[in-house]
Amino acid sequence: MPSAVLELAGVRKRYDSLVAVDDLHLTLEAGEFLTLLGPSGSGKTTTLMMVAGLQQPDAGRIMLNGVSVADLPAYRRDVGMVFQNYALFPHMTVRRNVAFPLEMRGTPAGEIARLVDEALALVKLPDHGGRLPKQLSGGQQQRVALARAMVYRPALLLMDEPLGALDRKLREQLQLEIKRVHRERGISVLYVTHDQEEALTMSDRIAVFDKGRIEQIGTPEELYDRPATRFVASFIGDTNLIGGRVLGVADGVCEIETAAGRIAASARTPLDAGSAVVVAVRPERVVLAPVQTGGAGLEGVIVEQVFLGTSRKYVVRLADGAEVVVLRPISDPPFAQAAPAVRVSWAADKATAFGG
Ligand code: ADP
Ligand code: MG
(Lines give C-alpha, C1' and ligand atoms only; values in the text may rest on other atoms or scores of the structure.)
(Ligands and ions follow the chains in the order given, each with its own letter.)
Protein backbone atom coordinates (compact mmCIF):
# COMPACT_ATOMS: atom_id res chain seq x y z
CA MET A 1 0.00 0.00 0.00
CA PRO A 2 1.44 3.41 -0.87
CA SER A 3 2.14 5.46 2.23
CA ALA A 4 0.93 8.94 1.32
CA VAL A 5 1.18 11.38 4.21
CA LEU A 6 -0.71 14.03 2.31
CA GLU A 7 -3.06 13.88 -0.63
CA LEU A 8 -4.76 16.79 -2.38
CA ALA A 9 -7.39 15.97 -5.00
CA GLY A 10 -9.19 18.56 -7.08
CA VAL A 11 -8.53 21.32 -4.54
CA ARG A 12 -9.71 24.81 -5.49
CA LYS A 13 -9.68 28.15 -3.75
CA ARG A 14 -10.92 31.50 -4.98
CA TYR A 15 -10.84 34.94 -3.39
CA ASP A 16 -13.84 36.73 -4.92
CA SER A 17 -13.24 36.55 -8.67
CA LEU A 18 -9.58 35.53 -8.35
CA VAL A 19 -8.82 31.82 -8.68
CA ALA A 20 -5.83 31.39 -6.35
CA VAL A 21 -5.63 27.58 -6.56
CA ASP A 22 -7.17 25.70 -9.44
CA ASP A 23 -7.91 21.95 -9.43
CA LEU A 24 -4.80 20.90 -7.55
CA HIS A 25 -3.73 17.25 -7.38
CA LEU A 26 -0.71 16.40 -5.26
CA THR A 27 0.59 13.45 -3.24
CA LEU A 28 3.37 13.56 -0.68
CA GLU A 29 4.90 10.23 0.32
CA ALA A 30 6.14 9.44 3.83
CA GLY A 31 9.60 10.90 4.41
CA GLU A 32 9.49 12.93 1.22
CA PHE A 33 10.75 16.51 0.86
CA LEU A 34 8.38 18.11 -1.66
CA THR A 35 8.71 21.74 -2.69
CA LEU A 36 6.11 24.06 -4.19
CA LEU A 37 8.11 26.38 -6.45
CA GLY A 38 6.64 29.28 -8.37
CA PRO A 39 6.55 33.03 -8.81
CA SER A 40 4.89 35.35 -6.32
CA GLY A 41 1.10 35.06 -6.43
CA SER A 42 1.04 31.56 -7.97
CA GLY A 43 -0.92 30.04 -5.07
CA LYS A 44 1.80 28.39 -2.96
CA THR A 45 0.92 29.97 0.38
CA THR A 46 -2.80 29.45 -0.18
CA THR A 47 -2.11 25.73 -0.74
CA LEU A 48 -0.09 25.48 2.48
CA MET A 49 -2.77 27.37 4.43
CA MET A 50 -5.43 24.93 3.27
CA VAL A 51 -3.31 21.97 4.39
CA ALA A 52 -2.75 23.66 7.76
CA GLY A 53 -6.47 24.41 8.14
CA LEU A 54 -6.00 28.19 8.14
CA GLN A 55 -7.93 28.53 4.85
CA GLN A 56 -10.87 26.44 3.67
CA PRO A 57 -10.90 25.04 0.12
CA ASP A 58 -13.96 25.75 -2.05
CA ALA A 59 -13.76 22.29 -3.58
CA GLY A 60 -11.70 19.11 -3.45
CA ARG A 61 -10.34 16.81 -0.81
CA ILE A 62 -7.35 17.03 1.54
CA MET A 63 -6.25 13.82 3.27
CA LEU A 64 -3.63 13.57 6.02
CA ASN A 65 -2.45 10.00 6.64
CA GLY A 66 -5.43 8.71 4.71
CA VAL A 67 -8.04 10.68 6.67
CA SER A 68 -9.98 13.67 5.36
CA VAL A 69 -9.19 16.82 7.33
CA ALA A 70 -12.30 18.67 6.18
CA ASP A 71 -13.79 18.72 9.69
CA LEU A 72 -10.53 19.08 11.62
CA PRO A 73 -9.66 22.55 12.90
CA ALA A 74 -6.07 23.76 12.46
CA TYR A 75 -4.96 22.91 16.01
CA ARG A 76 -6.08 19.30 15.63
CA ARG A 77 -4.20 18.66 12.39
CA ASP A 78 -0.95 16.79 12.87
CA VAL A 79 1.23 19.40 11.12
CA GLY A 80 4.00 21.78 12.17
CA MET A 81 4.49 25.15 10.50
CA VAL A 82 7.43 27.47 9.93
CA PHE A 83 6.89 30.85 8.27
CA GLN A 84 9.20 33.47 6.85
CA ASN A 85 8.82 35.75 9.86
CA TYR A 86 9.88 33.72 12.81
CA ALA A 87 6.68 34.33 14.79
CA LEU A 88 8.32 33.37 18.08
CA PHE A 89 6.65 34.61 21.26
CA PRO A 90 8.86 37.61 22.07
CA HIS A 91 8.31 37.56 25.85
CA MET A 92 9.10 33.85 26.24
CA THR A 93 12.54 32.28 26.45
CA VAL A 94 13.71 29.95 23.71
CA ARG A 95 12.92 26.94 25.93
CA ARG A 96 9.37 28.11 26.59
CA ASN A 97 8.83 28.85 22.92
CA VAL A 98 9.87 25.32 21.98
CA ALA A 99 7.94 23.80 24.89
CA PHE A 100 4.75 25.65 24.00
CA PRO A 101 3.23 23.13 21.54
CA LEU A 102 3.93 20.32 24.03
CA GLU A 103 2.29 22.25 26.87
CA MET A 104 -0.74 22.81 24.65
CA ARG A 105 -0.96 19.06 24.17
CA GLY A 106 -0.68 18.32 27.88
CA THR A 107 2.66 16.49 27.64
CA PRO A 108 4.09 15.65 31.12
CA ALA A 109 6.77 18.08 32.36
CA GLY A 110 9.64 15.56 32.40
CA GLU A 111 8.87 14.53 28.86
CA ILE A 112 8.72 18.19 27.78
CA ALA A 113 12.19 18.86 29.22
CA ARG A 114 13.63 15.87 27.39
CA LEU A 115 11.97 16.67 24.03
CA VAL A 116 12.96 20.36 24.19
CA ASP A 117 16.59 19.45 24.92
CA GLU A 118 16.54 17.08 21.98
CA ALA A 119 14.96 19.62 19.61
CA LEU A 120 17.43 22.37 20.61
CA ALA A 121 20.34 19.97 20.11
CA LEU A 122 18.98 19.04 16.68
CA VAL A 123 19.00 22.68 15.53
CA LYS A 124 22.40 23.21 17.16
CA LEU A 125 21.27 25.64 19.85
CA PRO A 126 21.72 23.49 22.99
CA ASP A 127 22.95 26.38 25.17
CA HIS A 128 20.50 29.07 24.07
CA GLY A 129 17.40 27.92 25.95
CA GLY A 130 17.52 30.75 28.49
CA ARG A 131 17.62 33.57 25.95
CA LEU A 132 14.82 35.70 24.62
CA PRO A 133 14.21 35.77 20.85
CA LYS A 134 15.54 39.33 20.58
CA GLN A 135 18.87 38.11 21.95
CA LEU A 136 19.30 35.82 18.93
CA SER A 137 20.30 36.47 15.32
CA GLY A 138 17.75 36.04 12.51
CA GLY A 139 19.18 32.66 11.60
CA GLN A 140 19.10 31.47 15.21
CA GLN A 141 15.49 32.62 15.60
CA GLN A 142 14.55 30.66 12.51
CA ARG A 143 16.22 27.56 13.96
CA VAL A 144 14.17 27.99 17.13
CA ALA A 145 11.03 28.21 14.97
CA LEU A 146 12.12 24.97 13.29
CA ALA A 147 12.67 23.28 16.68
CA ARG A 148 9.24 24.45 17.86
CA ALA A 149 7.52 23.14 14.72
CA MET A 150 9.11 19.69 15.07
CA VAL A 151 9.20 19.15 18.81
CA TYR A 152 5.89 17.29 18.97
CA ARG A 153 6.86 15.15 15.97
CA PRO A 154 4.10 16.09 13.56
CA ALA A 155 3.37 13.81 10.62
CA LEU A 156 4.08 16.69 8.28
CA LEU A 157 6.15 19.85 8.44
CA LEU A 158 4.94 22.85 6.40
CA MET A 159 7.51 25.54 5.64
CA ASP A 160 6.61 28.74 3.81
CA GLU A 161 9.71 30.59 2.55
CA PRO A 162 11.36 29.97 5.94
CA LEU A 163 14.71 31.40 4.81
CA GLY A 164 13.35 34.32 2.80
CA ALA A 165 14.40 36.97 5.31
CA LEU A 166 17.99 35.77 5.69
CA ASP A 167 21.08 36.78 3.76
CA ARG A 168 22.50 34.44 1.16
CA LYS A 169 25.25 32.82 3.19
CA LEU A 170 23.01 32.05 6.15
CA ARG A 171 20.30 30.84 3.80
CA GLU A 172 22.62 28.32 2.17
CA GLN A 173 23.83 27.12 5.56
CA LEU A 174 20.28 26.67 6.88
CA GLN A 175 19.22 24.89 3.66
CA LEU A 176 21.76 22.21 4.50
CA GLU A 177 20.67 22.11 8.14
CA ILE A 178 17.01 21.70 7.27
CA LYS A 179 17.99 18.88 4.91
CA ARG A 180 20.03 17.26 7.68
CA VAL A 181 17.09 17.48 10.11
CA HIS A 182 14.81 16.07 7.43
CA ARG A 183 17.19 13.15 6.91
CA GLU A 184 17.87 12.45 10.57
CA ARG A 185 14.23 12.62 11.59
CA GLY A 186 12.78 11.04 8.46
CA ILE A 187 10.14 13.75 8.65
CA SER A 188 7.83 14.57 5.69
CA VAL A 189 8.19 18.14 4.48
CA LEU A 190 6.04 20.35 2.26
CA TYR A 191 8.26 23.34 1.52
CA VAL A 192 7.50 26.58 -0.31
CA THR A 193 9.97 28.82 -2.10
CA HIS A 194 10.15 31.10 -5.13
CA ASP A 195 13.91 30.47 -5.34
CA GLN A 196 14.67 27.81 -7.95
CA GLU A 197 18.20 27.15 -6.68
CA GLU A 198 16.86 26.53 -3.19
CA ALA A 199 14.26 24.13 -4.61
CA LEU A 200 16.85 22.23 -6.68
CA THR A 201 19.22 21.94 -3.69
CA MET A 202 16.71 20.73 -1.13
CA SER A 203 13.92 18.74 -2.74
CA ASP A 204 13.21 15.11 -3.51
CA ARG A 205 10.50 16.40 -5.86
CA ILE A 206 9.38 19.83 -6.97
CA ALA A 207 5.91 20.97 -8.06
CA VAL A 208 6.26 24.02 -10.30
CA PHE A 209 3.34 26.41 -9.79
CA ASP A 210 2.05 29.05 -12.15
CA LYS A 211 -1.26 30.88 -11.82
CA GLY A 212 -2.69 28.47 -9.27
CA ARG A 213 -1.85 25.34 -11.27
CA ILE A 214 0.93 22.77 -11.25
CA GLU A 215 2.85 23.04 -14.51
CA GLN A 216 5.02 20.02 -13.78
CA ILE A 217 5.93 17.82 -10.85
CA GLY A 218 9.11 15.75 -10.77
CA THR A 219 12.61 15.31 -9.40
CA PRO A 220 15.03 18.22 -9.78
CA GLU A 221 16.80 16.30 -12.56
CA GLU A 222 13.56 15.68 -14.47
CA LEU A 223 12.52 19.32 -14.31
CA TYR A 224 15.97 20.50 -15.31
CA ASP A 225 16.62 18.08 -18.17
CA ARG A 226 13.07 17.38 -19.37
CA PRO A 227 10.89 20.42 -18.75
CA ALA A 228 7.29 19.74 -19.77
CA THR A 229 6.44 23.34 -20.62
CA ARG A 230 8.19 26.48 -21.75
CA PHE A 231 7.36 28.08 -18.40
CA VAL A 232 9.22 25.33 -16.51
CA ALA A 233 12.17 25.53 -18.92
CA SER A 234 12.62 29.23 -18.34
CA PHE A 235 11.74 29.29 -14.62
CA ILE A 236 14.26 26.61 -13.64
CA GLY A 237 17.92 27.25 -14.41
CA ASP A 238 19.31 29.29 -17.28
CA THR A 239 17.93 28.45 -20.69
CA ASN A 240 18.44 29.56 -24.27
CA LEU A 241 15.16 29.96 -26.16
CA ILE A 242 15.58 29.77 -29.94
CA GLY A 243 12.67 30.30 -32.33
CA GLY A 244 12.13 28.36 -35.55
CA ARG A 245 9.73 26.36 -37.71
CA VAL A 246 9.04 22.62 -37.64
CA LEU A 247 10.36 20.70 -40.67
CA GLY A 248 9.18 17.34 -39.37
CA VAL A 249 9.08 14.99 -36.39
CA ALA A 250 10.36 11.42 -36.35
CA ASP A 251 10.92 9.11 -33.36
CA GLY A 252 10.32 11.99 -30.94
CA VAL A 253 13.00 14.14 -32.56
CA CYS A 254 11.88 17.41 -34.13
CA GLU A 255 13.89 18.92 -37.01
CA ILE A 256 13.69 22.69 -37.02
CA GLU A 257 14.56 25.38 -39.51
CA THR A 258 15.81 28.67 -38.09
CA ALA A 259 17.23 31.86 -39.58
CA ALA A 260 20.73 30.69 -38.60
CA GLY A 261 20.55 27.04 -39.66
CA ARG A 262 18.93 23.70 -38.90
CA ILE A 263 18.67 22.25 -35.41
CA ALA A 264 17.03 19.28 -33.70
CA ALA A 265 15.33 18.89 -30.33
CA SER A 266 13.13 16.44 -28.43
CA ALA A 267 9.41 16.77 -29.09
CA ARG A 268 7.41 15.86 -25.97
CA THR A 269 4.11 17.15 -27.34
CA PRO A 270 2.66 16.83 -30.86
CA LEU A 271 4.17 19.39 -33.25
CA ASP A 272 2.86 19.98 -36.78
CA ALA A 273 5.18 20.50 -39.73
CA GLY A 274 5.30 24.19 -40.62
CA SER A 275 4.25 25.38 -37.15
CA ALA A 276 6.29 27.79 -35.04
CA VAL A 277 8.37 26.32 -32.19
CA VAL A 278 10.72 27.49 -29.49
CA VAL A 279 13.68 25.30 -28.60
CA ALA A 280 14.93 25.39 -25.00
CA VAL A 281 18.54 24.33 -24.43
CA ARG A 282 20.75 24.75 -21.36
CA PRO A 283 24.01 26.73 -21.81
CA GLU A 284 26.11 23.77 -20.59
CA ARG A 285 24.51 21.44 -23.18
CA VAL A 286 25.66 23.55 -26.11
CA VAL A 287 28.81 22.49 -27.95
CA LEU A 288 31.06 24.99 -29.76
CA ALA A 289 33.18 24.22 -32.81
CA PRO A 290 35.03 26.34 -35.38
CA VAL A 291 32.67 27.01 -38.28
CA GLN A 292 34.98 25.24 -40.75
CA THR A 293 34.28 21.94 -38.92
CA GLY A 294 30.99 21.70 -40.82
CA GLY A 295 28.00 19.60 -39.76
CA ALA A 296 24.64 20.50 -38.23
CA GLY A 297 24.05 23.49 -36.00
CA LEU A 298 23.76 27.23 -36.04
CA GLU A 299 26.43 29.56 -37.35
CA GLY A 300 27.45 32.63 -35.43
CA VAL A 301 30.26 34.70 -34.01
CA ILE A 302 31.57 34.74 -30.44
CA VAL A 303 30.99 38.27 -29.19
CA GLU A 304 31.89 37.67 -25.54
CA GLN A 305 34.08 35.29 -23.51
CA VAL A 306 33.97 35.40 -19.72
CA PHE A 307 36.24 33.43 -17.40
CA LEU A 308 34.15 32.08 -14.49
CA GLY A 309 36.73 29.95 -12.67
CA THR A 310 35.35 26.44 -13.15
CA SER A 311 33.83 27.25 -16.53
CA ARG A 312 33.99 29.74 -19.37
CA LYS A 313 30.93 31.54 -20.66
CA TYR A 314 30.54 32.48 -24.32
CA VAL A 315 27.94 34.63 -25.98
CA VAL A 316 27.43 33.68 -29.63
CA ARG A 317 25.58 36.06 -31.95
CA LEU A 318 23.70 34.20 -34.68
CA ALA A 319 23.06 35.34 -38.24
CA ASP A 320 19.61 36.74 -37.29
CA GLY A 321 21.01 38.69 -34.34
CA ALA A 322 19.74 36.27 -31.66
CA GLU A 323 22.25 35.34 -28.97
CA VAL A 324 23.07 31.93 -27.55
CA VAL A 325 24.80 31.59 -24.19
CA VAL A 326 27.25 28.70 -23.92
CA LEU A 327 28.97 27.36 -20.82
CA ARG A 328 32.04 25.17 -21.34
CA PRO A 329 34.31 23.48 -18.77
CA ILE A 330 37.50 25.40 -18.14
CA SER A 331 39.46 22.40 -19.46
CA ASP A 332 38.14 23.16 -22.99
CA PRO A 333 40.73 25.24 -24.89
CA PRO A 334 39.66 28.89 -25.28
CA PHE A 335 39.26 30.53 -28.71
CA ALA A 336 42.39 32.61 -29.23
CA GLN A 337 41.44 35.01 -32.02
CA ALA A 338 38.96 37.89 -31.70
CA ALA A 339 35.31 37.25 -32.73
CA PRO A 340 35.82 33.75 -34.15
CA ALA A 341 33.14 32.28 -36.41
CA VAL A 342 31.69 29.18 -34.73
CA ARG A 343 28.99 26.57 -35.04
CA VAL A 344 26.80 25.83 -32.01
CA SER A 345 25.09 22.48 -31.70
CA TRP A 346 23.76 19.98 -29.14
CA ALA A 347 22.50 16.44 -28.84
CA ALA A 348 18.79 16.43 -29.77
CA ASP A 349 17.84 14.72 -26.49
CA LYS A 350 19.40 17.58 -24.52
CA ALA A 351 17.04 20.21 -25.98
CA THR A 352 13.25 20.46 -25.98
CA ALA A 353 10.94 21.92 -28.65
CA PHE A 354 7.75 23.63 -27.43
CA GLY A 355 4.90 24.72 -29.67
CA GLY A 356 5.15 28.50 -30.07
P1 ADP B 1 2.18 32.78 -3.41
O2 ADP B 1 2.35 32.24 -2.02
O3 ADP B 1 2.54 31.80 -4.47
O4 ADP B 1 2.89 34.08 -3.59
P5 ADP B 1 -0.58 33.22 -2.64
O6 ADP B 1 -1.17 31.88 -2.37
O7 ADP B 1 -0.19 34.04 -1.47
O8 ADP B 1 0.62 33.06 -3.66
O9 ADP B 1 -1.62 34.07 -3.49
C10 ADP B 1 -2.28 33.57 -4.63
C11 ADP B 1 -3.20 34.65 -5.16
O12 ADP B 1 -4.26 34.85 -4.24
C13 ADP B 1 -2.53 36.01 -5.32
O14 ADP B 1 -3.07 36.63 -6.47
C15 ADP B 1 -2.92 36.75 -4.06
O16 ADP B 1 -2.95 38.14 -4.28
C17 ADP B 1 -4.30 36.19 -3.77
N18 ADP B 1 -4.59 36.14 -2.33
C19 ADP B 1 -3.89 35.48 -1.39
N20 ADP B 1 -4.48 35.58 -0.17
C21 ADP B 1 -5.58 36.34 -0.34
C22 ADP B 1 -6.62 36.81 0.53
N23 ADP B 1 -6.64 36.49 1.83
N24 ADP B 1 -7.62 37.57 -0.01
C25 ADP B 1 -7.63 37.87 -1.33
N26 ADP B 1 -6.68 37.45 -2.21
C27 ADP B 1 -5.67 36.69 -1.74
MG1 MG C 1 3.55 33.02 -0.47
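These exercises treat a ligand shell, a helix and two loop residues in a predicted model. Local features need pLDDT of at least 70 and side-chain atom pairs pLDDT 80 or more, while totals for chains, interfaces and linings use all residues. Residues are numbered from 1 along each chain as its sequence is written, chains are lettered from A and ligands numbered from 1 in the order in which they are written, and side-chain values use heavy atoms, without hydrogens and water.

**Exercise 1.** Describe the surroundings of ligand 1.

Step 1. List the shell, taking a residue as near if one of its heavy atoms lies within 4 Å of the ligand. The shell consists of Tyr15, Leu18, Ala20, Pro39, Ser40, Gly41, Ser42, Gly43, Lys44, Thr45 and Thr46.

Step 2. Sort the shell by class: four residues are nonpolar, six polar and one charged. Here Ala, Val, Leu, Ile, Met, Phe, Trp, Tyr, Cys and Pro count as nonpolar, Asp, Glu, Lys and Arg as charged, and the others, Gly among them, as polar.

Step 3. Look for polar contacts (for a ligand, pairs of N or O atoms within 3.5 Å). An N or O atom in the side chain of tyrosine 15 is 3.4 Å from a nitrogen atom of ligand 1. The backbone supplies a polar atom of serine 42 at 3.1 Å from a ligand oxygen, and an N or O atom of glycine 43 at 3.0 Å from an oxygen atom of the ligand.

Step 4. Consider the area (Shrake-Rupley method, 1.4 Å probe). Ligand 1 exposes 560 Å² when taken alone, and the protein buries 59% of that.

Step 5. Assign the shell to elements, which are DSSP runs (helices H or I, at least four residues; strands E, at least two) numbered from the N terminus. Two or more residues come from each of β2 (18-29) and α1 (44-52); α1 gives the most, three.

**Exercise 2.** Determine how the buried residues of α3 are arranged around its axis.

Step 1. Helix α3 covers residues 109-122, 14 in number, and reaches 20 Å from first to last C-alpha, close to the expected 20 Å. The expected span is 1.5 Å times one less than the number of residues.

Step 2. Its buried residues (under 20% relative accessible area, 1.4 Å probe, protein chains only) are Ile112, Leu115, Val116, Ala119, Leu120 and Leu122.

Step 3. Down the axis of α3, these fall within an arc of 150 degrees (directions from the axis to the C-beta atoms), so they line one face.

**Exercise 3.** Locate two non-glycine residues with positive phi, aspartate 251 and alanine 339.

Step 1. Most residues other than glycine have a negative phi.

Step 2. Aspartate 251 has a phi of about 50 degrees and sits in the loop between β11 (240-250) and β12 (253-258). Aspartate 251 is exposed (over 50%), with a relative accessible area of 83%.

Step 3. Alanine 339 has a phi near 45 degrees and belongs to the loop between β18 (323-329) and β19 (341-345).

Notes: A polar contact is a pair of N or O atoms within 3.5 Å; within protein, one must be able to donate a hydrogen and the other to accept it, and residues adjacent in sequence count only if both atoms are side-chain atoms.
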